[in-house]
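Q: Please take a close look at the aromatic rings of this model and at how they are placed.

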Amino acid sequence: MPRLYQWTLLVFVVCGIAAAVAAQQENLEPTGVVRAGRMIDVRTGKVSTNVYILIAKDRILRVADSAPAGLSVIDLSKYTVVPGLIDSHAHVLGNPKDQSSTSRLRMSSPQKAIWGVRNLQVWLDHGFTALRDACEDDPAYGQLALRDSVNRGLIRGPRMVSSGGCVSLTGGHGDANVLAPDAGLPRGPNIADTPEEISDVVRRDIKYGADWIKLMATGGVMDPISDYRVEELSEEQMAKAVEIAHRAGKKVMAHAEGAEGIKAAVRAGVDSIEHGTVMDEEGARLMEQHGTWLVPTLFCFQHDMTTGTSQGRDPVSFAKGVAILKEQQPAFQRALAHHIRIAYGVDDDPDFVSKEFGALVKGGLSPIDALRAATINGAELTGRAADIGSLEAGKFADIVAVEGDPLADITVMEKVVFVMKGGETYVDRTK
């Protein structure tokens, strides 16, 4: 089935679901009200002033000019209100401030998950009410346990969709064994060197509940052993992963830095390219033709120049970061010129999750398109457009307020003062 037809069908399905939910909402009575001084419609770019968002339990009932009598009103009249934000490239497990290549080897799976509970709360504090985990190195799938625990109300955190392991070649960007050959670890369950092994790895991720499959199409920057310019997984391997995942109703993302690996991943049919930092003209054209998403993660590479080796990072890794940063802006300009669909992703310590807004606008996106990347685009990419991504009837009441006007100064997105997820207030710094 052609990709364009698939996306058109998806839009009709999403719109139909949203309409059905909205119809059900018409028969409900509001249980809460949020007053917005300014509300941005991220779909159209329109700004409404002094409006009331009526909430029925966990969803938006409608947007009105006044509030019904008898209901208490959350007063955000001094602030700008936007939908709950979506980080489409997160890594939730472990200590994000330890960048040493052996950090994953010095922490147990339970301890990584406990760090994950802390990390998810940081995302939520910054207004990110949803995220996509972009793979973890935990064979026990702690990220899936966190996702399920959020859904069950056991812990506080954003709504999650999640990848399984980081599918990699031996010695590739996702190979956690950075030790000497005579002190090596057993082969990880995420390692696949042939198309047949790819099948086993992908099926294992699906078996244990992964929503996405994450492929390491090229080498990377953070590890000390791979070359980010080199294609690692073959096009045949990636096509096999896509075949298996799509047949199971799952999507596929590809870490891809180098130009050839990007093109191979796109031809193989992946749904999104992560980073795309050395994308050439041919690669940008292919992504446009295939409708492949890009999650550019601009800030994390820029932030690396500030942290350097201070958090235990290997000097070899830092040197790669210095070299690849020169490629970032030209590649991003190619993506913009080819109208590639862009979703927001930070791929960094969640303490800095809001910094990607400024990096996207500095890179060439308009402020409204940067907001779209973190809202409706992220919702579409993660398959949740019927529920999140905009302040519309039938969507979850995921509401964020900031000081100032992000359409005039996108960096005000770093000043979140209010966070509501599903009609429940998690952060209120307005008082």
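A: What follows describes the ring pairs and then the charges placed over a ring. The model is predicted, so local features need pLDDT of at least 70 and side-chain atom pairs count only at pLDDT 80 or more, while totals for chains, interfaces and linings use all residues. Residues are numbered from 1 along each chain as its sequence is written, and side-chain values use heavy atoms, with hydrogens and water left out.

A search of the whole structure finds 4 aromatic pairs (rings of Phe, Tyr and Trp, the last by its six-membered ring, with centres within 6.5 Å; planes under 30 degrees apart are stacked, over 60 edge-to-face, and the rest tilted). One of them joins F128 and Y344, a tilted pair at 5.6 Å centre to centre with 40° between the planes. Because F128 lies in strand β6 (residues 128–133) and Y344 in the loop between α9 (315–337) and α10 (355–363), this pair ties together parts that are 216 residues apart in sequence. F128 and Y344 are both buried, that is, under 20% relative accessible area with a 1.4 Å probe and protein chains only.

The ring of Y344 also pairs with that of F357, the centres being 4.5 Å apart and the planes at 50°, so this pair is tilted. Here the loop between α9 and α10, which holds Y344, is linked to F357 in helix α10, 13 residues apart. Both Y344 and F357 are buried, and ring pairs link F128, Y344 and F357 into a cluster.

At F396, the charged end of R59 sits over the ring, 3.9 Å from its centre (CZ of Arg or NZ of Lys within 6 Å of the ring centre and within 35 degrees of the ring normal). R159 lies over the face of F396 at 3.9 Å from the ring centre.

Terms used
Helices (H or I, at least four residues) and strands (E, at least two) are DSSP runs, numbered from the N terminus. Buried means under 20% relative accessible area, exposed over 50%, partly exposed in between (1.4 Å probe, protein chains only).
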